[in-house]
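Biologist: Could you take a close look at the cysteines for me? I would like to know which of them are bonded and how they sit in the model.

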Amino acid sequence: MAAAVEDEPTRRDFLVVASGAFVAVGGAAAMWPLIDQMNPDASSQALAAIEVDLAPIAPGQAITVLWRGKPVFIRRRTPAEIKQARQTPLEDLRDPYARNPELPPDAPATDANRTKKGHEEWLVLIGICTHLGCIPKGQNIGDKKGDYNGWFCPCHGSHYDTAGRIRKGPAPRNLDLPPYNFTSETMIKIG
Amino acid sequence: MVHHESSYQPGTAIERWLDQRLPIIRMAADFAAFPTPRNLNYWWTFGGILTFCLAVQIITGIVLAMHYQPNDALAFDSVERIMRDVNWGWLIRYTHAVGASMFFLAAYIHIFRGLYYGSYKAPRELVWILGVMLFLVMIMTAFMGYSLPWGQMSYWAVTVITNLFSSLDSIIDGLGTAIVQWIWGGYSVTGVTLTRLYSLHYLLPFVIAAIVVLHIWAFHITGNNNPTGLDVRQESDTVPFHPYYTIKDGFALALFTLLFAWFVFYAPNYLGHPDNYIRANPLQTPPHIVPEWYFLPFYAILRAIPNKLFGVIAMFASILVLFIVPWLDTSRVRSTKYRPIYKWFFWLFVATCLGLGYLGSKPPEGAYLVWARICTFWYFFHFFVVLPVVGLIEKPKPMPASITESVLGSSEGAAGERGGGGTPEPGGATACPEKR
């Protein structure tokens with residue numbers, strides 16, 4: 001009889017388990033504000049949209065603007081650069097996806113999918129190397145543009161082509177495109 | 001280790017009163033009298049030197065914190081104010097900056113000493129593991145400290161290193177980005193990031209100090225290793241820590257501070273990078289980013305691998321592999337002095353690490369990249385193949401019968417010395433399987 005009674009959980013066992021569980025859950029819940037406070041705050045999350053006037057940019061020129069704390073590359077490509085990007089077979093690409101937020105994630109990285117229809121000479125990219133976040137060279141006259149005539153990241157040697165696609169080096173992805181739209185023939189709105 | 005009985009006798013009524021309540025004087029006295037192998041060479045002085053380095057960094061760091069502004073608009077100027085306006089600010093800042101390099105120099109010597117003399121082997125595995133933890137926290141602290149002047153190198157070092165975590169995106173999509181944005185507190189490195197790095201840079205040295213206490217505590221349980229790797233077996237094998245090793249450590253420290261002072265006074269910026277005297281600019285990456293010299297070998301490993309995720313994994317693995325060294329090494333002989341084959345591999349490994357350091361400072365292209373890959377391969381080959389295999393096939397050299405004999409040369413001398421233990425007993429198998 002004694003053995004059977006001892007095996008039965010008592011009221012005290014229940015209280016020990018219940019209060020232990022309560023402390024564990026409460027402790028874990030109290031940790032969350034301490035962890036989450038480090039995430040981007042409300043002011044960083046407030047998305048600013050910017051407008052950029054493209055009129056002064058001549059073919060072959062490029063400008064860099066700041067959007068959401070990130071540099072955005074805007075390059076007006078020459079016909080030769082566009083041709084080079086279009087003639088690249090898709091199987092030569094290291095990253096097959098367009099990385100365009102306005103297209104499905106599996107859209108192929110064709111030059112058409114990296115630009116806006118009717119505005120093919122304009123290439124708008126987030127100018128942050130997808131390897132470790134450096135700013136690639138290639139925006140300024142005289143910059144090293146890499147083996148594919150696009151951009152070259154000096155930090156760890158990633159080469160991007162004239163559609164901002166990774167061709168050589170450690171970067172895993174094509175340069176990301178920001179969300180943007182043409183508001184007129186010479187104005188774009190990023191964000 | 002011979003069990004260390006406390007020999008402290010409270011001399012006064014106050015000491016007796018204290019001894020019954022908080023035996024802190026007894027603790028200090030036992031520390032001073034700790035029986036330490038009599039044959040420790042100068043490579044053993046770097047533990048004390050490292051303690052000195054930690055103290056220097058904490059003291060100069062607290063002073064710098066009185067003048068530094070952890071705000072992205074003010075940080076760069078506040079550092080220049082320390083250099084130009086604050087009384088002795090130049091000296092305190094240069095000591096802190098050079099001190100970081102000296103700290104790593106001493107740490108690397110200390111680590112290689114442990115590797116050479118097998119100080120990680122049973123029963124000192126935890127001493128070693130705590131040491132690797134100290135190294136990891138040192139790396140984090142130094143990285144955060146380097147960000148604080150908010151120059152170009154600071155900014156881009158933070159960008160590149162925090163972006164290492166974005167490689168996790170290729171395992172779980174979005175995970176890496178979420179972690180990186182959590183670290184940044186935004187969508188890029190900003191003043192928000194600077195302030196939190198400052199907060200943690202102030203915290204971590206005290207974490208280091210706490211782990212140092214555990215590290216020292218652990219080897220006071222096992223006793224020090226020594227150049228022969230033999231266990232202490234008799235009283236004549238040891239001398240009290242004070243005055244023998246306080247003096248020896250003190251002399252080595254004096255030489256070390258000469259080097260330290262030479263850098264502080266004659267070449268304070270030699271180990272730094274001139275680009276860090278340019279204010280941080282989020283729109284322009286410096287043409288040639290290199291970390292401080294003490295991170296170069298790991299940076300070379302990161303860049304040697306042409307895949308982002310695997311490069312990051314290899315870099316972290318190159319440090320984390322140290323944790324399992326006690327179990328990778330199959331040799332039962334501690335000291336490399338008695339390991340005729342491993343000795344060559346040890347020095348080849350040292351050369352590999354130095355080579356990686358050199359290659360980390362060079363651009364990742366051409367022959368540099370080829371050599372970085374060869375050295376990276378050998379770095380891991382050493383740990384995962386050389387360490388286990390050489391221990392199995394090697395025939396160790398004959399070893400002295402005891403620490404005393406290794407110093408005095410003959411067993412008569414050993415027996416006579418200090419009326420010690422008489423005939424040396426055969427040692428533990430772990431220390432010396434190959435007795436003469």
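Modeller: Happy to; here is a walk through the cysteines, one pair at a time. This is a predicted model, in which local features need pLDDT of at least 70, side-chain atom pairs count only at pLDDT 80 or more, and totals for chains, interfaces and linings use all residues. Residues are numbered from 1 along each chain as its sequence is written, chains are lettered from A and ligands numbered from 1 in the order in which they are written, and side-chain values use heavy atoms, with hydrogens and water left out.

Taking a disulfide as a pair of cysteine sulfur atoms within 2.5 Å, the count over all chains is 1. The partners are Cys134(A) and Cys155(A), with 2.1 Å between their sulfur atoms. The torsion about their S-S bond is about -100 degrees, so this disulfide is left-handed. It links distant parts of the chain, 21 residues apart: Cys134(A) lies in the loop between E4 and strand E5 (149-153) of chain A, and Cys155(A) in the loop between E5 and strand E6 (158-161) of chain A. Strands here are DSSP runs (E, at least two residues), numbered from the N terminus.

Cys134(A) is buried, at 1% relative accessible area, and Cys155(A) is buried too, at 2%. Buried means under 20% relative accessible area, with a 1.4 Å probe and protein chains only.

In chain B, the closest cysteine sulfur to that of Cys353(B) belongs to Cys375(B), but at 9.0 Å it is too far for a bond. Cys353(B) is buried at 14%, and Cys375(B) is buried at 11%.

Note on methods
Helix = DSSP H or I, 4+ residues; strand = E, 2+ residues; numbered from the N terminus. Buried < 20%, exposed > 50% of the residue type's maximum accessible area, 1.4 Å probe, protein only.
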